[in-house]
Amino acid sequence: MSMFKFSVGPWNVHEGADAFGPEVRSSISFDQKLRKFKEIGFTGIQFHDDDAVPDMNELSEDQIKSRARELKQFLDEQGLEAEFVAPRLWMDARTIDGGFTSNSSADREFAIWRALRSIDIAKELGSDRLVLWLAREGTLCSESKDPVLSLHRLREAINIMLAYDPQIRILIEPKPNEPIDRSFVPTVGHVLGFANGTQDPSRVGALLESAHAVLAGLEPSLEMAFCLAHGKLWGVHLNDQNGLRYDQDKSFGVENIRSAFNQLKVLIDHGYGSNGEYIGLDVKAMRTQSAAMSYAHLENSLRIVKLIESKVRRFDKDLVLKYQDARNYEAIEMYVMELLLGEQ
Ligand code: GLO
Ligand code: MG
């Protein structure tokens, strides 16, 4: 039994297209995905704004809210909850240079419109969380934007969101690169520094994705610890990543099981989840898998989380304290290896 609640997004079951090849699996309908998520053991759903309300650019604000209400009814019927809503700005032709930091004022206005509509949708779905994965808020060409001005623009945009709804909390999900070359807010350290300059720092926090920390050359469990120490870890995207390459979104723990152990350990040791936070999985099926295997990476990741969680619970704190006092770090390391290898 896990003590956590788990969440997932509809994009985590996908058609297998990558940058060099077309789709390889047929699409599965949104309703079918949500039903299957519930069956597998997820109770929270993460939404992009246009996952929740398709074609929202063509709709009025009232129409958007009413579509979101219909979705809320479906979620209630399925016994599911919305964890957060995230504006999918990276997919729109108007925000190819980023939304909030675009040099074009019309693009920036559009980005803010989408963010405010995402807040409307979140409220209708019963969530107070807006996630900003700042996908294109950076540069492909360093000199194409003024980085200081861009950060001021990002701050202004976030201040508008905070003012629009006094309840909304903003979770920034940092990533150092991809799809852009260099991000203006690459790590959770940047997120927390940036949050302090906004109009209400108490409502701006972080969502840490394991793979994104690895892409920044950092250890995910320490990135989580940094946020936890500031009371700012409001979401996680557990997954794995084999070093510095394209973003892989591998099943949790399959590349670095010791890091996976330490991620769950820091979450458990410091009460993550006690304020309703979810363990989100942001994992993708390998491209070469058949449609029949569309959900295996999710089932496997959930099982891996639970298996590692049971190792964390068996971790002998007294023994390790003894070793710490004796500065016997070889013994601690061997103890952890034996625990993970089933010898403890
Ligand atoms: C991509 C991100 C992406 C976000 C999702 C929510 O690298 O991890 O999957 O988590 O779009 O905003
Ligand atoms: Mg993510």
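**Why these words? A metal site, two helices and two unusual residues**

Me: Why is D282 called buried?
Reply: D282 has a relative accessible area of 8%. Buried means under 20%, exposed over 50%, and partly exposed in between (1.4 Å probe, protein chains only). So D282 counts as buried. This is a predicted model, where local features need pLDDT of at least 70, side-chain atom pairs count only at pLDDT 80 or more, and totals for chains, interfaces and linings use all residues. Residues are numbered from 1 along each chain as written, chains are lettered from A and ligands numbered from 1 in the order written, and side-chain values use heavy atoms, without hydrogens and water.

Me: What makes D282 a donor of the magnesium ion (ligand 2)?
Reply: Distance. Donors are N, O and S atoms within 2.8 Å of the metal (3.2 Å for Na, K and Ca); water is not among the atoms, so sites may look incomplete. The protein donors E173 (OE), E209 (OE), H237 (ND1) and D282 (OD) lie 2.0 to 2.3 Å from the ion. Their spacing along the chain is E-x35-E-x27-H-x44-D. H237 sits in strand β9 (residues 233-238), while D282 is in the loop between β10 (279-281) and α10 (296-314), 45 residues away. Helices (H or I, at least four residues) and strands (E, at least two) are DSSP runs, numbered from the N terminus.

Me: How do you know that H237 is buried or exposed?
Reply: Its relative accessibility is 1%, so H237 is buried.

Me: Why is the arrangement around the magnesium ion (ligand 2) called octahedral?
Reply: Six donors count as octahedral if opposite donors are over 155 degrees apart and all others between 65 and 115. Here the six donor atoms subtend angles of 82 to 172 degrees, and therefore the arrangement is octahedral.

Me: How is the packing of helix α1 and helix α3 described?
Reply: Two packed helices are described by the angle between their axes and the distance between the axes. For α1 (residues 30-40) and α3 (residues 61-78), these are about 30 degrees and 11 Å. Axes are lines fitted to C-alpha atoms over the stretch in contact, and angles run from 0 to 180 degrees between N-to-C directions.

Me: What is unusual about E178?
Reply: Most residues other than glycine have a negative phi, and most peptide bonds are trans. E178 is not a glycine, yet its phi is positive, about 65 degrees. A cis peptide bond, with omega about 10 degrees, joins E178 and P179.

Me: Why is E178 called partly exposed, and R327 exposed?
Reply: E178 has a relative accessible area of 29%, so it falls in between. R327 has 67%, so it is exposed.

Key: Four donors count as tetrahedral if all angles lie between 85 and 135 degrees; four count as square planar and six as octahedral if opposite donors are over 155 degrees apart and all others between 65 and 115; anything else is irregular.
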